[in-house]
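Please open the model in the viewer and keep the selection tool at hand. The tour proceeds stop by stop, each beginning with a selection.

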Amino acid sequence: MGWPARLFDMRDTLVRMVLLDLSGLGFLLLVPYGRAASTTQWILAALAFAVALATHRRPVVNLVIQTVLLAVALSLVEDFTINQVGASWALLEVTMRAHRPRVIWLSAALLVAVDLTDSIGAPVNRVASGVVGLALEVGVPVLLGLVIRANRQLSRQAVERAVAEQRQHASETRAARADERTAIARELHDVVAHHVASMVLRVGVARHVLTDLDPRVGEVFDDVHGTGTAALAELRRLVAVLRNPDGVRGDAALTAIEPSALPAAIGTSIDRARQAGITVDADLDPAIGSLDAVRGMAVLRLTQEALTNVAKHAGTSALAHLVVAVRDGAVHWEVTDNGHGGTPVGAPTGGGHGITGMRERVEVLGGRLEAGPTPTGWRVRTVLPSSGVQPPAPTVPRDRTSPAGAPAPEPA
């Protein structure tokens with residue numbers, strides 16, 4: 001907003017009055033019409049200046065006093081320009097700021113009545129001149145004030161419309177997201193959770209029916225049953241979040257973990273990988289127990305996915321090395337394997353979205369994921385910065401058995 005528009009802003013009344021008083025003072029000092037201002041004229045002008053400053057927040061009071069001063073000036077001095085301009089400006093302020101139109105017209109009528117008293121008993125030509133002067137003294141302030149009021153009202157309505165449209169758009173967006181969440185929750189519940197629950201139930205039944213099993217097979221059954229039960233609990237929690245995000249703190253419930261629980265959760269993931277036949281060498285920094293909840297969850301999910309990929313692609317009897325270290329506030333995470341294990345029977349083949357999901361999780365936190373083959377196996381690593389740190393650019397992941405430069409399926 002430029003200074004001409006701000007000059008008539010309702011919040012800048014004091015500025016307008018100061019400028020008006022300075023203009024009146026300049027008018028008096030310039031000796032109008034070749035004559036010096038009289039003492040009475042200075043007194044009336046000073047009173048008008050003081051009233052304008054003192055009542056700049058009360059336009060009706062200012063108008064009444066300025067009109068009284070004009071009536072006195074009409075009877076005492078020949079040049080009453082200062083008081084006439086003061087009364088006209090006071091009428092402008094009333095027109096711009098009055099809450100009810102009746103106040104505007106009563107104020108204009110008061111000023112017209114005072115001006116016409118100067119024409120009582122005067123010749124016709126002087127009366128006609130006075131009537132024409134009213135057009136400038138009363139008509140112009142009222143017209144200008146009404147224009148300013150209309151512009152303010154239009155601007156206010158435009159802002160209100162914009163706010164209403166923004167609220168409507170936000171409401172529609174929330175409704176669309178709620179529909180998407182409900183659809184995803186329904187599919188998770190009806191398809192994924194149903195099949196997982198069926199698998200857990202069948203494993204549990206098999207564990208109790210087949211009593212003469214090799215203990216190692218029993219351990220596998222127990223591990224599958226426990227893993228399936230935990231997955232089912234996570235799915236149910238996810239469905240609950242999708243259906244009622246406000247009831248469980250929204251997306252934060254899906255992306256956070258208590259810092260003190262992180263070492264134990266990583267330890268559980270390592271134990272499950274070892275139960276699958278992988279040898280895991282873990283180097284965990286004790287400082288991970290003080291990580292923030294969001295980065296802690298990222299470290300846990302990355303570890304789970306990486307160790308699952310080792311079991312899937314490097315096979316049983318593989319050697320995996322997990323490193324989680326905190327240096328200067330940044331989390332350095334890495335999983336490597338020797339790639340020498342045998343591929344487990346029944347392992348799923350083909351590409352998946354594991355690396356893609358890991359990369360997306362890392363990039364949300366400002367990090368970059370590196371994944372690719374090494375001379376002895378496979379390596380996945382990243383750095384999760386504390387604030388504004390940019391790790392090295394990620395490398396393009398390739399399949400462990402693919403020749404250099406050949407496209408490779410992504411680990412699941």
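Two helices count as roughly antiparallel when the angle between them is over 145 degrees. The model toured here is predicted.

**First stop: helices α5 and α6**

Select residues 81-97, helix α5, together with residues 101-117, helix α6. The two helices pack with their axes 9 Å apart, at an angle of about 165°. Because angles over 145 degrees fall in that class, α5 and α6 are roughly antiparallel to each other. Viewed as a pair, α5 passes α6 in a left-handed crossing.

**Second stop: helices α11 and α12**

Now select residues 293-314 for helix α11 and residues 354-364 for helix α12. Their axes lie 10 Å apart, and the packing angle is about 165°. That angle makes α11 roughly antiparallel to α12. The crossing of α11 and α12 is left-handed.

**Third stop: the nonpolar patch**

Which residues form a nonpolar patch on the surface? Select Leu14, Val15, Val18, Leu19, Leu22, Leu25, Leu29, Trp42 and Leu53, and display the surface. Together these residues have about 750 Å² of accessible area. Two helices, α2 (13-29) and α3 (39-54), each supply at least two residues of the patch. The largest share comes from α2, with seven residues.

Within this selection, centre the view on Leu14, which is placed in helix α2. Is Leu14 buried or partly exposed? With a relative accessible area of 41%, Leu14 is partly exposed.

**Fourth stop: salt bridges**

How many salt bridges does the structure hold? There are five, and those described below are among them.

Begin by selecting Arg295 and Asp292, which form a salt bridge whose closest N and O atoms are 2.6 Å apart. The two partners may be examined in turn for accessibility. Arg295 is buried, its relative accessible area being 11%, whereas Asp292 is partly exposed at 33%.

Next, select Arg381 and Glu334, which are joined by a salt bridge with the closest N and O atoms 3.9 Å apart. This pair links distant parts of the chain: Arg381 belongs to strand β5 (residues 377-384) and Glu334 to strand β3 (residues 330-337), and the two residues are 47 residues apart. Arg381 counts as partly exposed because its relative accessibility is 29%, and Glu334 likewise counts as partly exposed, at 23%.

Keep Arg381 selected and add Glu370; their side chains meet in a salt bridge of 2.7 Å, N to O. Arg381 lies in strand β5 and Glu370 in strand β4 (residues 369-374), so this pair ties together parts that are 11 residues apart in sequence. Is Glu370 buried or partly exposed? Glu370 is buried, with a relative accessible area of 13%.

**Final stop: the network**

Finally, show Glu334, Glu370 and Arg381 at once, since the view now brings the preceding pairs together: these residues are linked in a network of salt bridges. In this network, Arg381 is bridged to Glu334 at 3.9 Å and to Glu370 at 2.7 Å.

Note on methods
Residues numbered from 1 in each chain as written. Predicted model: local features only at pLDDT ≥ 70, side-chain atom pairs only at ≥ 80, totals over all residues. Heavy atoms only, no water. Patch = residues over 30% accessible without salt bridge, like charges linked within 9 Å, V, L, I, M, F, W, Y side chains within 5 Å. Areas by Shrake-Rupley, 256 points an atom, 1.4 Å probe, with all protein chains shown as cover. Salt bridge = Lys/Arg side-chain N within 4 Å of Asp/Glu carboxyl O. Helix = DSSP H or I, 4+ residues; strand = E, 2+ residues; numbered from the N terminus. Buried < 20%, exposed > 50% of the residue type's maximum accessible area, 1.4 Å probe, protein only. Axes fitted to C-alpha atoms, helices over the stretch in contact; angles between N-to-C directions. Parallel < 35°, antiparallel > 145°, perpendicular 65-115°, else oblique. Left-handed = near helix turned anticlockwise from the far one by under 90°.
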